[in-house]
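Look at how the chains are arranged before turning to single residues. The text below goes from the arrangement to the contact and then to one sheet.

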Number of protein chains: 2
Amino acid sequence: MKFTINRSQFNHQIINVQRAISTKTTIPILTGIKLDLSKEGLTVTGSDVDISVQTFIPQEDVDNELQIDSTGAIVLPARFFSEIIKKLPLDQFTLEVLDNQQVAITSGHSEFKINGLDANNYPHLPEVSNTDQLQISSDILRQVIDETVFSASKEENRPILTGLHLQINQDQLLAVATDSHRLAQRIVKIQNSGDSDYNLVIPARSLKELEHSLSDNSEEIKLSISENQILFEFDNTMFYSRLLEGNYPKTDRLIPDSSTTKLEIDAKTLLASVERASLLSHASRNNVVKLVIDSGQKQVVLYGNSPEVGTVEEAVKVDQVEGEDLDISFNPDYLKAALQAFGETKIKLEFTAALHPFTLKPLNDDHSFIQLITPVRTFN
Amino acid sequence: MKFTINRSQFNHQIINVQRAISTKTTIPILTGIKLDLSKEGLTVTGSDVDISVQTFIPQEDVDNELQIDSTGAIVLPARFFSEIIKKLPLDQFTLEVLDNQQVAITSGHSEFKINGLDANNYPHLPEVSNTDQLQISSDILRQVIDETVFSASKEENRPILTGLHLQINQDQLLAVATDSHRLAQRIVKIQNSGDSDYNLVIPARSLKELEHSLSDNSEEIKLSISENQILFEFDNTMFYSRLLEGNYPKTDRLIPDSSTTKLEIDAKTLLASVERASLLSHASRNNVVKLVIDSGQKQVVLYGNSPEVGTVEEAVKVDQVEGEDLDISFNPDYLKAALQAFGETKIKLEFTAALHPFTLKPLNDDHSFIQLITPVRTFN
C-alpha cells in the first residue's frame, strides 16, 4: 500500500472518523484508525463499538490529489497519526506500508516511521440493509437533536432513558427524551420511501456526535435501520450507531391536556431572569427556585435563595397572565435548558397545580414542540 | 454605604482585583472582595496574601456614573458578587449596605440581598515606601516576563528557583530565571530615579498575573521595592507581590563564553522541526530528541523516537553551520519554549560539547538575551 494525498483534504475528511475513536477503549485495535486503499480511493474507518464512522476519499476528486501506487490496508494509532499529519511541513504527504506493518510517512525532509497493526484484525462494521430508506434534511435533524437530547438521562440506572425515542411512520417522526424529571418532544415531517413504521431508541451520545459531524450546509441524510443499528449516510460519510435495547416508557399520558394557569412570555427574557435566580439556588443544597403567579395583579415574581449567600427576587416581565394564582417550585437548570432550546421567541407556559408538571410550547403551536418540567415539593 | 455605578465600567475595573482572589485560600475573608467608598470614589481590593491588587474608581470620572449616597466599607463574596454583576439586567446598579452586613444590589426589577463581612476584619495591605521609584514601560516589562519566567522552576523543592531574579542598577535591569535544567536571561534599560541598586526575586506566578493585568497600551509602570514586597503602579491599579526570601544562585558562570560548533537558523523553522520530533519523544519515557550536526556536509538532522510508536528523522534547514561535528541530546520541550520566546527571527545556537549546556541568542546580539539548555546523557 502506497499513496500520496493532499494533507488538508485528508485532514478535513477524517475529522468525523476520529470523533468515533475513543482513547478509553479496552480493545487495543480500536484506538487505531483503519486506512483501506482500493483503486477507487481511500476508505478511512474509526469505531468505539457504539459508534462507527467510515468516510471515503475518492481518487476521481482532483482536490484530493490522491496518487495511488499500490493498494492495501493498515491500522495506525489514531492520536499520533492525526497529530503527525497536522504538523507535517508540506501540503502533501506520502504514506507507504513497509515490512512488519511498519508505515513510512514522508513530507518534505520529514520522515516518520510508525508501527501499525494488521488491518485483518480490525472488527467488521455492522451490517445494515438499506432496502427501506428514510430521508431527512440535516437542518431538521440538527434541530430535533438540539431540542430534545438534553432532556435524556445522564444516569445509567435506567439505560433506556439515556437515549432518544423515535417513532417513525409514513410521514412523521416523533422524538422524545426524558430523564423522568423533564421531557422534550418534537414532531417533524419525514420522507419514508418504504412501508415500515419504526420504533427505536438511539443513545443521546451518538446523536451529539452525529450533530457535530453534520456540516452546516443543508443536505439530505439517508437513514437505514436494522434490528440493533441505525446508519446515517451523508457526503461520503457513513455514521453507524447501535440502538438501545428494551421498551421505552409510554410518555404521551405524561403531557397534560388542559391547564388552569397560563403565561405568555418572551423566552429570552425569562431565561435571563432564571439565570439570575439560579446564581443563588446553585449555592444552595437543593437548587430550587420559586415562581409566584398573581393572576389578579398580573404579576409574576421569581425567587431564589441560598442560606449562606443570600436571596434574589425579581418581577418577571410577562406579556399575558391568565387563570388561577399559583406558587410553584422547580429546578432552574431544567427551565434554563428548555428555554435555551426555544431561542428568541414568544412561548406559553401552562400549569395545572403546584405539584403537577408544567409545559412550555411555542405561542401558536400546541402540537409540534412540547417541553415538560416536573416541579419539586418545598417546605418553606 | 450606598452608591449607584455604571455596571460595565465597574466590571472592567475589578477584573484585575478578582485575579488576586483565590477560592482555595484558608482565610475565609480573603475569598471576598473589599469595597471601600469615600467621597472621592470607590476603592476595590482583592488579595491571596502573596498577591494583592487594589483599584480605584474615581467619582470625578463621569464614565463611571458613580453617585455616592453615603460612604462606608464592606466585604462581599467575590465569586458570587462578580457573577451577579455580570448578569444584572440594566447598565447601572445600586449597592446599599443594610443591617448586619447585609447588602442589597438592585438593577431594574432584580433585587439581590447578599450576606457581607465586616470590612474591619480585612487584612491591611503591605506598606511599601515609595521614596525610591523605578520606571519601566509596560511593553518592556511584558517582554521581560514573556522571555524569562517560563524557565523558572515549577517544583517547590528549591523555592528560590520558582522566582525571577532581578538585579537593578542605575540604568539597567538584568532578569534571570532557571529551573537548573535551562536558563533565560534578559537585560533591558530602566529609569532609576534613586541611588539604590536592587537585588530581588519575584515569584513567577505573581509576574504571570501581573502580565495579564497590564493593558495592551504602552504605559509607564512605577516600581517601589521594600524588604519583602514589590509594588507595581499603573492606571488606577496597585499590584503588590511578596518577594522570595533567600539567596539566588550565581548564574553568570553557567553561561559559556566560547563555542566549538555554531548554527545560524530561523527560529520558527527550527520550532516546527522540534515540534514534529517531540510528537514521538513525548510518547517515550525519557522525552529526549537528538540533534546530529555534520559540519563538513553542512547537514543537521533531528531525531525523535518512541519504542512503542515509531521514529522520526528530519534534515533541518539551517542558514549556516560552523565548527566541529556534534551529536547532542536534550529535552525538546525546553528548546520549544526557548524558540517560542524568540518568535519569528534569525538566531544562533552555540555548542561546546555533547554534555555541556548550549545557548540560543539573537543573530547579532551576544549580550541582551540569552537562553541556555542543558543536554542529557543518552545510552543509545
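What follows describes a predicted model, beginning with the relation between its chains.

Laying chain B on chain A takes a turn of 180° and a shift of 0.0 Å along the axis, and the RMSD is then 0.0 Å. The two copies are therefore related as by a two-fold rotation axis. In chain B, the residue that comes closest to this axis is B:Lys24, with its C-alpha at 16 Å.

The next topic is the contact itself. Chain A gives 27 residues to the contact and chain B gives 27 residues. Of the interface residues of chain B, 100% are also interface residues in chain A, so the copies meet through the same surface.

The size of an interface is often expressed as the accessible area that is lost when the parts come together. For chain B and chain A this buried area is about 2,400 Å², with 59% of it on carbon and sulfur atoms. On the side of chain B, the residues that lose the most area to chain A are B:Lys87, B:Arg276 and B:Leu279, which together make up 25% of what that side buries.

Which side chains meet in a salt bridge across the interface? They are those of B:Glu275 and A:Lys87, at 4.0 Å from N to O. The rule finds one salt bridge between chain B and chain A. Polar contacts join 16 residue pairs across the interface, counting pairs with both residues at pLDDT 80 or more. Helices α2 (78-87) and α5 (267-281) and strands β9 (110-115) and β22 (310-315) are the elements of chain B that give two or more residues to the side touching chain A. By class, that side of chain B has 13 nonpolar, nine charged and five polar residues.

Strand pairing also crosses from one chain to the other. Strand β22 of chain A, residues 310-315, pairs with β9(B) in the antiparallel sense over five bridges. Within this pairing, A:Thr311 has B:Lys113 in β9(B) as its bridge partner.

Chain A also holds an open sheet of nine strands, paired antiparallel in the order β6-β2-β3-β4-β18-β17-β16-β10-β14. Which strands of chain A are at the edges? They are β6 (72-77) and β14 (191-192), each of which pairs on one side only. The partner of β14(A) is strand β10 of chain A, residues 134-137, and the two pair in the antiparallel sense over two bridges. Here A:Gln135 has A:Gln191 in β14(A) as its bridge partner.

Technical notes. Residues numbered from 1 in each chain as written. Chains lettered and ligands numbered in written order. Predicted model: local features only at pLDDT ≥ 70, side-chain atom pairs only at ≥ 80, totals over all residues. Heavy atoms only, no water. Contact = heavy atoms within 4.5 Å. Buried area = accessible area lost by both parts, 1.4 Å probe. Polar contact = N/O pair within 3.5 Å; in protein donor to acceptor, adjacent residues only side chain to side chain. Helix = DSSP H or I, 4+ residues; strand = E, 2+ residues; numbered from the N terminus. Nonpolar A, V, L, I, M, F, W, Y, C, P; charged D, E, K, R; others polar. Pairing = 2+ DSSP bridges. Least-squares fit on C-alpha atoms with pLDDT ≥ 70 in both.
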